[in-house]
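Thanks for passing this one along. Here are my notes, as a few numbered points to read beside the model.

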There are 2 protein chains.
Amino acid sequence: MHSLKWLAIFPFLFATAEQVSAQNESKQMVRLAKLVIDSAQLKQYNAFLKEEIETSLKVESGVLTLYAVAEKERPTHITILEIYADPEAYKKHIQTPHFLKYKNGTKAMVKSLELSEVEPLTPALKIKQSKPSN
Amino acid sequence: MHSLKWLAIFPFLFATAEQVSAQNESKQMVRLAKLVIDSAQLKQYNAFLKEEIETSLKVESGVLTLYAVAEKERPTHITILEIYADPEAYKKHIQTPHFLKYKNGTKAMVKSLELSEVEPLTPALKIKQSKPSN
């Protein structure tokens, strides 16, 4: 009799887990940052960005992905895919000391910055980035 | 005595594993595709792309990531982050029936396409995309 009761409860448990997962996905904030960097300062810029990315992924649980790529033909053209757990995680991120160090340290190196909030086409096919090892 | 021998061998085992891992990473091919789609055909285009992405991730082990995003302000502006295990995996991919179906089916929908091979700034912080469930 007890086991039958549990069977009756199970579908509701699963439904709730799915709903929670769907809610969490829809709360994610995904952005693309497209930057052009002063070629004379590219090496310093990349060092700043690398440190900022590694620290963010290490210490901020709400920063899910910071994936930066540079064009092979034009290494000064950088694109960063940014995924935050929710808008609050993003707000926290831009107030951290490591983000402010990057932002202020690279101000004079960035020739242009284009930020756009984006929508993933296949939100169920989630991306997971590995964390830095110590 | 036996255990001491093993201890002496261990560092070489680890070194080799690291080297292999570094080689595998450097063989990866990462690309950004930036597209602008005809707004009158955006819905059809997105359906083609979604099917192509889901099929590729399901059946091609060498296709590691196909992450497509659309700008919220300009949904016709799409960026796709593409990661292949190596250049051979990419060559195979563009000959598959599902890729050709997408490519030929969307030809008249794509207003502009900019492809660039890119270099990840932090290659050790790898991205992993979940596979579609059946």
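1. A turn of 180° with a shift of 0.0 Å along the axis lays chain A on chain B, at an RMSD of 0.0 Å (least-squares superposition on the C-alpha atoms of residues with pLDDT of at least 70 in both). The two copies are therefore related as by a two-fold rotation axis. Both copies use the same surface, since 100% of the contact residues of chain A recur in chain B (contact: heavy atoms within 4.5 Å).

2. Which residue of chain A comes closest to the rotation axis? That is Lys128(A), with its C-alpha at 2.5 Å.

3. This is a predicted model, in which local features need pLDDT of at least 70 and side-chain atom pairs pLDDT 80 or more, while totals for chains, interfaces and linings use all residues. Side-chain values use heavy atoms, without hydrogens and water, and residues are numbered from 1 along each chain, with chains lettered from A in the order written.

4. In chain B, Lys107(B) sits in the loop between α4 (97–106) and β4 (110–120) (DSSP runs numbered from the N terminus: helices H or I, at least four residues; strands E, at least two). Lys107(B) is exposed, at 59% relative accessible area (exposed is over 50%, buried under 20%, partly exposed in between; 1.4 Å probe, protein chains only). Its C-alpha lies 9.5 Å from that of Tyr45(B), 62 residues away along the chain.

5. Thr106(A) belongs to helix α4 (residues 97–106) of chain A. Thr106(A) is buried, with a relative accessible area of 3%. Beyond its neighbours within four places in sequence, Thr106(A) contacts Tyr45(A) and Phe48(A).
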